[in-house]
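Dear colleague,

Please find below the structure that I am handing over to you. My findings follow directly after it, grouped by the kind of contact.

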Amino acid sequence: MNTTHSPNSFGVLALCSLLGAPLLTACDSGDDVDEYGHERAAADPNSLTRASEDAIIEAMEFEPSPEVFEYTGQIDDLDAPWRRGPRPGPLRAEPEGETHDASDDLVDLLTRDGRTYRQRLGTQGLHTGTISDFEASPTPIEGEDPDLDEAIDSLTLRELITGGVDNRIRSTATSKQGVMVKIAGTSTSTNTTCSASMIAPRVFLTAAHCVTDSNGDWSYGSADWVMPSVRGRSFSGSNTALDSNDTPWGARQVTRLIKPSAWTGGGSKYDYAILIIGDHAPDNAGTIEWDPQPAKFANDDCDDLDGLTVNLRGYPGRTKTCASASSEDNGQCGGYAYVEAKPVDECTTNSIYYYLDSQEGQSGSPVYRYSAVTGVRTVVGINRGTFGSRNYGHKIRSGSYGAICAAVEDPANFSSHFTNPSC
């Protein structure tokens with residue numbers, strides 16, 4: 001899989017872009033009702049401006065715990081061209097190393113105003129569990145995540161890296177797919193940088209190569225926003241800006257990012273990253289309901305994963321070709337999420353391999369098991385790229401599980417409005 005990203009500045013945005021999709025009524029009068037016939041509440045532009053400014057100030061004043069993080073420097077030019085360059089080409093696996101050093105699971109942190117921090121040695125490895133405990137544990141009955149909200153268009157034969165038939169199903173439901181998000185450079189962008197999963201109301205899990213350059217250094221100018229349950233923007237026609245119907249849960253601005261210190265741009269062992277968004281109330285300006293439904297995540301043994309049916313759900317590029325695309329999109333993926341379920345083909349210490357179809361934009365997509373009994377989705381891996389005729393990704397292992405748990409359970413990342421999960 002070759003991950004393609006659109007350039008975008010991380011500097012000061014125009015007001016409407018800064019406010020984002022959840023606040024679009026302050027920028028575009030639009031219709032008075034949404035697609036369901038519900039009246040849209042009027043937004044106060046002055047209050048929205050103040051809220052946005054307050055959020056930016058709050059993000060810039062964030063200071064991680066000095067007991068855990070050491071300040072390492074400042075990125076002065078957040079608009080530098082190196083931050084907006086293309087990501088690496090097709091990602092190939094590297095030989096799996098079995099060596100492990102005490103510093104392997106330390107993480108780096110970057111704030112929105114450019115300050116960088118590194119975790120102090122000895123503060124990692126505090127979480128020894130195997131599965132997050134936000135909901136009841138899933139039963140052993142695992143299978144395909146249903147997506148029956150609309151009919152599927154006829155499938156056509158085409159070549160994907162996993163074989164001749166594209167078996168992905170277009171996903172348009174919002175009630176059950178709020179945990180799957182698109183990452184983009186602006187709040188209204190139809191382009192897709194990568195995909196991610198919500199694991200707490202303010203915490204999202206993606207691939208490290210989505211927010212770094214080929215050397216593993218920070219480069220995330222096109223990953224400033226997360227958009228849960230995006231329904232897509234039709235590729236046919238001239239309107240190329242997302243609106244509230246396309247982004248029913250809005251767009252949320254990323255305020256800081258976390259990645260493994262050992263990530264240098266290669267292999268799958270450290271190819272994961274954590275995005276933190278600002279705190280948001282249930283109803284943002286009366287226009288977009290924010291309804292986070294976090295997924296669980298787990299450090300599963302290969303004995304449990306080998307042959308287990310898993311799902312891969314994410315956002316291929318809008319202009320890519322998808323077999324189950326809407327007829328109005330003329331075969332283009334159209335900005336929707338797509339999902340497929342198949343058994344894990346192989347599991348190793350750091351990676352999982354599968355014949356699940358994937359395209360540019362689906363890096364960072366969650367590879368998850370689904371319980372048909374409880375409806376719980378549990379992320380076990382993060383999609384990375386191609387390996388021969390298969391796709392593969394980072395397997396959540398004990399080290400990455402601990403780092404993810406630390407971010408989820410950090411009070412600085414808690415929501416003031418929703419239940420905060422634990423590990």
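I begin with the charged pairs. E63 and R115 form a salt bridge in which the closest N and O atoms are 3.1 Å apart. Please bear in mind that this is a predicted model. The bridge links distant parts of the chain, as E63 belongs to the loop between α2 (45–60) and β1, while R115 belongs to strand β3, 52 residues apart. The two partners are also placed differently with regard to the surface: E63 counts as exposed at 52% relative accessibility, whereas R115 is buried, with a relative accessible area of 10%. D113 joins E63 and R115 in a network of salt bridges.

In the whole structure, the search finds 12 salt bridges. Another of them pairs D300 with R369, with 2.8 Å between the closest N and O atoms. D300 is located in the loop between β16 and α3 (302–305) and R369 in strand β20 (residues 366–371), so this bridge ties together parts that are 69 residues apart in sequence. Both D300 and R369 are buried.

E360 and K320 form a further salt bridge, the closest N and O atoms being 3.2 Å apart. E360 is found in the loop between β19 (351–354) and β20, and K320 in the loop between β17 (309–314) and β18 (337–347), 40 residues apart. E360 counts as buried at 15% relative accessibility, while K320 is partly exposed, with a relative accessible area of 27%.

I turn now to the aromatic residues. Five aromatic pairs are found in the whole structure. The rings of Y71 and Y117 have centres 5.5 Å apart and planes at 70°, so this pair is edge-to-face. It links strand β1 (residues 69–74), which holds Y71, with strand β3 (residues 115–119), which holds Y117, the two residues being 46 residues apart. Y71 is partly exposed, with a relative accessible area of 44%, but Y117 is buried, with a relative accessible area of 2%.

The pair of F297 and Y401 is tilted, at 5.5 Å centre to centre and 55° between the planes. F297 lies in strand β16 (residues 296–297) and Y401 in helix α4 (residues 398–408), 104 residues apart. Each is buried: F297 has 1% relative accessibility, and Y401 has a relative accessible area of 1%. In addition, ring pairs link Y353, F387 and Y392 into a cluster.

Two arginines are placed over aromatic rings. R256 lies over the face of F62, at 3.6 Å from the ring centre. The charged end of R168 sits over the ring of Y338, 5.7 Å from its centre.

As to the nonpolar interior, the largest core has 55 residues, and those that touch the most other members are F204, L205, V211, V226, I274, F297 and I404. Helix α4 contributes the largest share of this core, six residues. Leaving aside residues up to four places away in sequence, L205 touches residues including A196, I199, I274, V379 and I404. A second, separate core of 12 residues includes C302, V310, I352 and Y354.

Finally, I would draw your attention to G185, in the loop between β8 (180–184) and β9 (194–200). G185 is buried, with a relative accessible area of 3%. Its C-alpha atom is separated by 3.7 Å from that of S222, which is 37 residues apart from G185 along the chain.

With kind regards

Terms used. Residues numbered from 1 in each chain as written. Predicted model: local features only at pLDDT ≥ 70, side-chain atom pairs only at ≥ 80, totals over all residues. Heavy atoms only, no water. Helix = DSSP H or I, 4+ residues; strand = E, 2+ residues; numbered from the N terminus. Buried < 20%, exposed > 50% of the residue type's maximum accessible area, 1.4 Å probe, protein only. Phe/Tyr/Trp six-rings, centres within 6.5 Å; stacked < 30°, edge-to-face > 60°. Lys NZ or Arg CZ within 6 Å of the ring centre and 35° of its normal. Core = buried A, V, L, I, M, F, W, Y, C linked by side-chain atoms within 4.5 Å. Contact = heavy atoms within 4.5 Å. Salt bridge = Lys/Arg side-chain N within 4 Å of Asp/Glu carboxyl O.
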